[in-house]
Amino acid sequence: MAYSNSPLVGYTQISPNKTVPRNNKIDRITIHCTAGKVSVEALGAMFHEPSKKASSNYGIGPDGRVGMYVEEKDRAWCSSNGSNDHRAVNIEVASEAYHPYAVTDAAYEKLIVLVSDICKRNGITKLIWFGDKDRTLNYEPKNGEAVMTVHRWFDSKACPGDYLYNRHPEIASRVNTLLSSSTNDDKVIETGSAGMWSWRKWSSGVAECWGRKQHNGVNIVKPWGNVYFQVLDAPDNYPFAFAEYPSVNVTLQATHGNGWALNNYSTYSKNNPGNQYICNAVEIRGIDVTANYSVIGRWK
Ligand SMILES: [Zn+2]
């Protein structure tokens, strides 16, 4: 997967303290606290200093602004564990300088949005917090999963502080809600009309197509067992080919008399509903028939 960076970033100061590129795909998220109320600029200045030998991928200031110091394609030097840093996106969140290292609501809310954004761009649909070091480090995330790890598992530190540590279950839960609601957020991405057809395409891949075709002077006179039929010409091709055979519903309206429709499956395709037979129990001549089509299927 190609790496990208968050569009939420408002300040960039790339740090020399990094390993280029990371050697593992992103399947961990590691949240830290700065143990001091620093702005994204102050954090960037600190990480810009080679002697500090420290960095993070992102930082969130007390005002909720987001800074970037190491691109997602690269490994930040953040969690005192090279293997973790190669797998994780490390995020520093500005906190108080004392226990329990509380963060502002603005920073916390932005953290939820930033983690969701990181997951979406990296194909992660499920964020997991086990709350247990051994279980987490022995767990191999499946495709589409990421696990949360914490700095205190790798070094004798309070990081990310109890304030954020105790909220890890809530962070995972809120991020997963955002991830699932965005995939269920189906919406119309294209509408149009051409010739007899109107259509609507949905982001989920569903397409609807509807229209009508007029047939004048139809004679239902061809014998078929005890009934009579006539073949109605196929309508125009759909404005696009369906990816799979769509579901076609045809109803007929006639000026007098009546008839029922049967689909001719030999002419049914992904491009066209094919022709129909109009059938009746008795011979009828010269009726005008409107064929109404309602088609639903997948455009991708
Ligand atoms: Zn840390």
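**Exercise 1. Locate P160 and describe the peptide bond before it.**

Solution. P160 is found in the loop between strand 9 (145-149) and helix 5 (161-165). Helices (H or I, at least four residues) and strands (E, at least two) are DSSP runs, numbered from the N terminus. The bond that joins C159 and P160 is a cis peptide bond, with omega of about 10 degrees. A cis peptide bond also joins H99 and P100, where omega is about 5 degrees. P100 has its place in the loop between strand 7 and helix 3.

The model is a predicted one: local features need pLDDT of at least 70, side-chain atom pairs count only at pLDDT 80 or more, and totals for chains, interfaces and linings use all residues. Residues are numbered from 1 along each chain as its sequence is written.

**Exercise 2. State how the chain is divided and how far apart the domain centres lie.**

Solution. The chain is divided into domain 1 (9-183) and domain 2 (188-298); these bounds come from an automatic or database domain assignment. Between the C-alpha centres of domain 1 and domain 2 the distance is 56 Å.

**Exercise 3. Describe the open sheet of seven strands and the helix that packs on it.**

Solution. Begin with the order of the strands, which is 1-5-4-7-3-9-8, with mixed pairing. Two strands pair if DSSP finds at least two bridges between them. Next, identify the edges: strand 1 (9-12) and strand 8 (126-128) each pair on one side only. The twist from one strand to the next averages 30 degrees. Axes here are lines fitted to C-alpha atoms, for helices over the stretch in contact, and angles run from 0 to 180 degrees between N-to-C directions.

Then consider one pair within the sheet. Strand 4 (residues 58-60) and strand 5 (residues 66-68) are antiparallel and share three bridges; Y58 stands opposite M68 in strand 5. Finally, helix 1 (residues 40-47) packs on the sheet and touches strand 1, strand 4, strand 5 and strand 7 (88-93), and its direction makes about 20 degrees with that of strand 5. For such contacts, two residues must have C-beta atoms, placed from the backbone, within 7 Å.

**Exercise 4. Describe the nonpolar cores and the part that helix 3 plays in the largest one.**

Solution. A nonpolar core is a set of buried Ala, Val, Leu, Ile, Met, Phe, Trp, Tyr and Cys residues joined through C-beta atoms within 7 Å. A residue is buried if 20 or more other C-beta atoms lie within 10 Å of its own, exposed if 12 or fewer, and partly exposed in between; C-beta atoms are placed from the backbone.

The largest core has 42 residues, and I29, I60, V93, L111, V115 and L127 have the most contacts inside it. Helix 3 (residues 105-121) supplies the largest share of this core, six residues. Leaving aside residues up to four places away in sequence, I29 touches A88, V89, V115, I118, L127, A146 and M148. A second, separate core has nine residues, including F229, L232, I287 and A291.

Turn now to helix 3 itself. Its buried residues include K110, L111, V115 and D117. At 1.5 Å a residue, its 17 residues should span 24 Å, and its end C-alpha atoms are 24 Å apart, which agrees; the expected span is 1.5 Å times one less than the number of residues. Just after helix 3, G123 takes a positive phi of about 70 degrees.

**Exercise 5. K53 and S80 have a positive phi although neither is a glycine. Are these residues buried or exposed?**

Solution. K53, with a phi of about 50 degrees, lies in the loop between helix 1 and strand 4. It counts as exposed because it has 10 C-beta neighbours inside 10 Å. S80, with a phi of about 60 degrees, is found in the loop between strand 6 (75-76) and helix 2 (82-87). S80 is partly exposed, because 16 other C-beta atoms lie within 10 Å.

**Exercise 6. Trace the pairing in the open sheet of four strands.**

Solution. The order is 13-14-17-16, with antiparallel pairing. Strand 13 (222-224) and strand 16 stand at the edges with a single partner strand each, so one side of each has no neighbour in the sheet. Neighbouring strands are turned by 40 degrees against each other on average, direction ignored.

Follow the order across the sheet. Strand 13 and strand 14 pair over three bridges, and K222 stands opposite F229 in strand 14. Strand 14 (residues 227-232) is joined to strand 17 (residues 276-280) by five bridges, with L232 opposite Q276. Strand 16 (residues 260-263) is joined to strand 17 by four bridges, and N263 has Q276 as its bridge partner there.
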